[in-house]
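Here are a few notes to read alongside the structure. I hope they help you find your way around.

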Amino acid sequence: MKPSIVEKVAVSEKDFQRAVLDLAHTLGWKTMHFHDSRRQVKPGVFVGDADAAGFPDLVLVRERVVYAEMKAESGRLSKAQLGWLEVLGYAGQEAYVWRPSSWEFIEHVLAHHSLEGGPHGIPQQLTGRDS
């Protein structure tokens with residue numbers, strides 16, 4: 001695939017996510033973006049489903065299901081986000097943290113029918129797995 005603008009300039013998480021969704025749609029993926037299910041009722045006070053906190057930003061479905069947490073280059077995972085990625089990985093799901101610098105990898109993941117290997121997208125140091 002041709003290089004994307006995502007690879008060439010600093011982009012916001014919102015613009016990066018839009019580029020990933022555009023690519024996914026081009027490649028035939030059904031997509032779902034989850035907004036934070038909590039609602040801020042006043043500064044620092046949220047109501048809603050606490051268990052949903054940290055759920056990955058995107059769920060992509062074609063011949064398999066891919067979960068992706070979108071982060072700007074300098075963005076950090078919250079404990080809740082890491083918890084969801086770990087449990088999805090332990091359940092054998094493809095769960096990733098995607099940043100603009102991983103564009104080539106994202107293209108590979110979305111263009112191919114499956115990836116081989118262990119816990120998908122979760123670095124070994126985060127899962128505690130040896131394989």
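Contact, in the points below, means heavy atoms within 4.5 Å. Please keep in mind that this is a predicted model.

1. Let's begin with Met32, which sits in strand β1. Which residues does Met32 touch, leaving aside those up to four places away in sequence? Its contacts are Asp57, Leu58 and Val59. Met32 is partly exposed, as its relative accessible area is 42% and the partly exposed range lies between 20% and 50%.

2. The strands explain where Met32 finds itself in the chain's layout. Strand β1 covers residues 30–33 and pairs with strand β4, residues 58–61, in the antiparallel sense over four bridges. Within this pairing, Met32 stands opposite Val59 of β4. Along the chain Met32 and Val59 are 27 residues apart, while their C-alpha atoms are separated by 5.2 Å.

3. Val59 is a handy residue to follow next. Strand β4 also runs antiparallel to strand β5 (residues 65–70), and four bridges join the two. On that side, the bridge partner of Val59 is Tyr67 in β5. So how many residues link β4 to β5 in their hairpin? The hairpin passes through three residues.

4. Now for the helices. Helix α2 (residues 13–26) packs with helix α4 (residues 103–111) at an angle of about 30 degrees, and their axes are 10 Å apart. Angles under 35 degrees count as roughly parallel, and α2 and α4 are therefore roughly parallel to each other. The crossing of α2 past α4 is right-handed.

5. If you would like to look at that helix contact in your viewer, these are the residues to select. From α2, the contact is made by Phe16, Ala19, Val20, Leu23 and Ala24, and from α4 by Trp103, Ile106, Glu107 and Leu110. What is the chemical make-up of the contact of α2 with α4? Eight of its residues are nonpolar, none is polar and one is charged.

6. One last residue to visit is Glu86, which lies in helix α3, residues 79–90. Is Glu86 buried or exposed? The answer falls in between: Glu86 is partly exposed, because its relative accessible area is 21% and buried means under 20%. Glu86 and Tyr96 are ten residues apart along the chain, and their C-alpha atoms are separated by 9.8 Å.

How values were computed:
Residues numbered from 1 in each chain as written. Predicted model: local features only at pLDDT ≥ 70, side-chain atom pairs only at ≥ 80, totals over all residues. Heavy atoms only, no water. Pairing = 2+ DSSP bridges. Axes fitted to C-alpha atoms, helices over the stretch in contact; angles between N-to-C directions. Parallel < 35°, antiparallel > 145°, perpendicular 65-115°, else oblique. Left-handed = near helix turned anticlockwise from the far one by under 90°. Nonpolar A, V, L, I, M, F, W, Y, C, P; charged D, E, K, R; others polar. Buried < 20%, exposed > 50% of the residue type's maximum accessible area, 1.4 Å probe, protein only.
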